[in-house]
Amino acid sequence: MDQQIEELPEYIHINQNDFSYRKHKKQKEEDIAICECKYNANDPDSACGERCLNVLTSTECTPNYCPCGVYCKNQRFQKCAYAETKLFKTQGRGWGLLADKDIKAGQFIIEYCGEVISWKEAKRRSQAYETQGLKDAFIISLNGSESIDATKKGSLARFINHSCQPNCETRKWNVLGEIRVGIFAKEDILKGTELGYDYNFEWYGGAKVRCLCGAVSCSGFLGAKSRGFQPLKLMFRILFDAAVDKNASVESLLDRQEVGGGEVGVEL
Ligand SMILES: C[S@@+](CC[C@H](N)C(=O)[O-])C[C@H]1O[C@@H](n2cnc3c(N)ncnc32)[C@H](O)[C@@H]1O
């Protein structure tokens, strides 16, 4: 068998988050945000471009409710409006993803899809994966209490490596009442360039990994910066959770923070 094919990782490819762990939220009609855009054939930005009230609040328009109807451009997660990308084998960092066509600054590249799980389950899985000897870690933060695990099910975004000088970043969008994570271009990216984002604030790494991103400003290890700030971040996170959930006990608040083999996965 061809060496490349033999080495391809085993996972189930999905283009939508998997909600086996909890029910998918159904958006209530009163929660639907309706913008004030009016489609104008002479102005391509009129149908939910940069000036759209929903775009400004990182919320996708809801089909059948958007005044621009079929012309609405603000349904990129829902329509899987991804950039063209290609999987490739890196030197020492496993698989990576590169741009297969020029990408513009700010462009939505791909959704980070996987299984939506609680932080507690993320902690359990992260420890189990480490025990099983899995070299690559695929769990990222979704919101204050949940994570996305792309280890067994995921989109091609699971192959994007960490860079200390990234050309991409993660952004969270409200799509039909659920938060979803997208990878967006921070700058213009030429065809053939590897895509990378900074794992520091989103990623629950397992064992300490030496960073091989090659950037002049490389911090040395994956997630190294966020580790340095953990005590302070942890304190803010607990204060924030306590303010939101007034009935939570101190133990449950602490428990929520401990994800990833005893490491703290904090979303800023
Ligand atoms: C989300 S996966 C990325 C895809 C992975 N390269 C693969 O082959 O499946 C994260 C893992 O990739 C590797 N990795 C990502 N960025 C890296 C970097 N800058 N230096 C070294 N290893 C990296 C680490 O093993 C990390 O646990």
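**The AWS segment, a three-stranded sheet and the ligand shell**

In an unreviewed entry, UniProt lists residues 30–81 as "domain: AWS". In the predicted model, this segment is 8% helix and 0% strand. The C-alpha atoms at the two ends of residues 30–81 lie 27 Å apart. The protein as a whole has six helices and twelve strands. Of its 268 residues, 34% are buried. Among contacts with a separation of 6 or more, 70% join residues that are 24 or more positions apart.

Cys35 was examined as one position in the annotated segment. The residue is found in the loop that runs between β1 (12–13) and α2 (53–56). Cys35 is classed as buried because 23 other C-beta atoms lie within 10 Å, and the threshold for that class is 20 or more. When residues up to four places away in sequence are not counted, Cys35 touches Cys48, Cys52, Cys61 and Cys66, and also Leu53, Asn54 and Pro67. Tyr112, by comparison, is 77 residues from Cys35 in sequence, and the C-alpha atoms of the two residues are 26 Å apart in space.

An open sheet is built from three strands in the order β5-β7-β6, with antiparallel pairing. The edge positions are taken by β5 (115–118) and β6 (139–141), each of which pairs on one side only. From one strand to the next, the twist averages 35 degrees. Strands β5 and β7 (residues 146–149) run antiparallel and are joined by four bridges. Within this pair, Ile117 stands opposite Ser147 of β7. Helix α3, formed by residues 119–131, packs on the sheet and touches β5, β6 and β7. The direction of α3 makes about 105 degrees with that of β5.

The ligand is surrounded by 18 residues, of which Gly94, Trp95, Asp136, Asn161 and His162 come nearest. Two elements, β3 (95–99) and β9 (161–162), give two or more residues to this shell. By class, the shell around the ligand consists of ten nonpolar, four polar and four charged residues.

Taken together, the model shows an annotated segment with 0% strand, a buried cysteine that touches Cys48, Cys52, Cys61 and Cys66, among others, an open three-stranded sheet with helix α3 packed on it, and a ligand shell to which β3 and β9 each give two or more residues.

Conventions: Residues are numbered from 1 along each chain as its sequence is written. This is a predicted model: local features need pLDDT of at least 70, side-chain atom pairs count only at pLDDT 80 or more; totals for chains, interfaces and linings use all residues. UniProt positions are given in the numbering used here, feature names are shortened, and annotations may be inferred rather than shown by experiment. A residue is buried if 20 or more other C-beta atoms lie within 10 Å of its own, exposed if 12 or fewer, and partly exposed in between; C-beta atoms are placed from the backbone. Two residues are in contact if their C-beta atoms, placed from the backbone, lie within 7 Å. A residue is near a molecule or strand if its C-beta atom, placed from the backbone, lies within 6 Å of it. Ala, Val, Leu, Ile, Met, Phe, Trp, Tyr, Cys and Pro count as nonpolar, Asp, Glu, Lys and Arg as charged, and the others, Gly among them, as polar. Two strands pair if DSSP finds at least two bridges between them. Axes are lines fitted to C-alpha atoms, for helices over the stretch in contact, and angles run from 0 to 180 degrees between N-to-C directions.
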